[in-house]
Amino acid sequence: MAKKILYPVVAVIGIAAASGAAWWYQSKPKAAPEIAGVPATVSNVAGVEVAQVKRLALRDDAQSVGSLQSRQSVMLRPEVAGRIKSLGFSDGAQVRKGQVLVQLDDTLQRAEVKQSLAQVSIAQAALKRNQELVAENFVAQRVVEESAANLQVVEAQLTLSQARLSRMAILAPFNGTVGIRNVNVGDYVKDGADLVNLEDISSMYVDFRLPERYQSKLKPQQPVELALDAFPGRAFTARVEAINPLLDANGRSVSVRAVLPNTLGEAGQGGQRAGRPSGSLAPLRPGMFARVTTVFSVNESALVAPEEAIVPQGGRQFVIKVVTPEAVPGTAAATLPSDTKFVSLRQEVKLGLRQQGMVEITEGLTEGQTVVVAGQQRLQRDGTPLRIVTLGQPAQGAASAPASVSAPAPAASR
């Protein structure tokens, strides 16, 4: 009976011993083999890419699209119907204010003016004669009054006929450039028909829209940078002239108008395109498509870091700094590999503007500090040993990492 009980006990003890030995073998630290000259201890250290916090010129701006418009633009139309007698311009020509552009046949209107002039002359003579007769008591005063009233009537008719005559000539309302005419000499046109457009392009308007969140930043005379598809490689500068006080209820946007001198002045380097003198370039024209950048402010010395360094957590923003073990409280040197020079330290930061992969750090970091830009998921707690990795180069061990924590080898452009 005792033997029957002893066998199961021995079997259970043997199985337990074998299980414990297997667990110990699997959980004990193993030395990694040395590969490509990298020490075996490197495999236990987190490899990360890093970058330095630096200062750059950072602009607060907003991008939009717009179109160029003439400072003054009008489509010339006749007020009365008539047949075109003559044209006082050629297509695309410069014209002066008051210049006759289209002359309609005014034979009838001129005859009416001559008739009115004759009637005025007769009325004036009748009034003068009646005044002489009333002075000699040959007629009553009432006759003089009727003659004066009749003179006023014919003078009004003369004014009316002169106004009708003036409508037969269409004048340029301002200095500008005419477009391509839609009519020819001899055409009969109705009132309101399109004849030719007149454009004042001495300066140009650029109209664009911005989201309503920018309306508190918009101010008159703010600089606006333009890029035109018609002039690749050139930059133009305009100034905000007017801001519409009424927001668009459909798109919740504010309309802005900027003015641009039509002199092809360039805001960048070089005053002409390669191989072409600036004088041979065509002027800016209404209807051109423009990419608009409105500049609100410029910070010439903004503290920035790569966007990849930001680690959001619980509504707050963090970065992981690269520091020496002494900078992390509670990190025991005995628990770190012997060749550890750098460890991680989480730091909360406040962010500002973002531009071209960089983000402004308004609080939490100083210039020259080093932050992790790749590999943050391996750094779950402060004081984790780091191995700095540079893309395109063999991996560096902890012992061969840069000597200065303020200037470790930055990561290559990702």
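## Exercises on a predicted model

**Exercise 1.** In this predicted model, decide whether T177 is buried, partly exposed or exposed, and then describe its surroundings.

*Solution.* Begin with the relative accessible area, which is 15% for T177. The cut-off for a buried residue is under 20%, and T177 is therefore buried. Next, locate T177 in the chain, where it belongs to strand β7, made of residues 176–178. Then look at the residues that touch T177, leaving aside neighbours within four places in sequence: these are G92, A93, Q94, N197, L198, E199 and I201. Finally, take Q94 from this list, and note that its side chain and that of T177 are joined by a polar contact of 2.8 Å.

**Exercise 2.** Work out which strands lie at the edges of the open sheet of 4 strands.

*Solution.* Write down the strand order, which is β6-β5-β3-β8 with antiparallel pairing. The edge strands are β6 (169–171) and β8 (188–189), since each of them pairs on one side only. Now follow β8 to its partner β3 (residues 82–87), with which it pairs in the antiparallel sense over 2 bridges. In this pairing, R83 has Y188 of β8 as its bridge partner.

**Exercise 3.** Find which element gives the most residues to the largest nonpolar core.

*Solution.* Start from the core itself, which has 25 residues, with V206, L226 and L284 making the most contacts inside it. Among the elements that give two or more residues to this core are β2 (54–76), β9 (196–211) and β13 (289–306). The one that gives the most is β9, with 5 residues. Apart from this core lies another, of 18 residues, including F89, L195, V196 and L198.

Definitions and conventions. Residues numbered from 1 in each chain as written. Predicted model: local features only at pLDDT ≥ 70, side-chain atom pairs only at ≥ 80, totals over all residues. Heavy atoms only, no water. Buried < 20%, exposed > 50% of the residue type's maximum accessible area, 1.4 Å probe, protein only. Polar contact = N/O pair within 3.5 Å; in protein donor to acceptor, adjacent residues only side chain to side chain. Contact = heavy atoms within 4.5 Å. Pairing = 2+ DSSP bridges. Core = buried A, V, L, I, M, F, W, Y, C linked by side-chain atoms within 4.5 Å.
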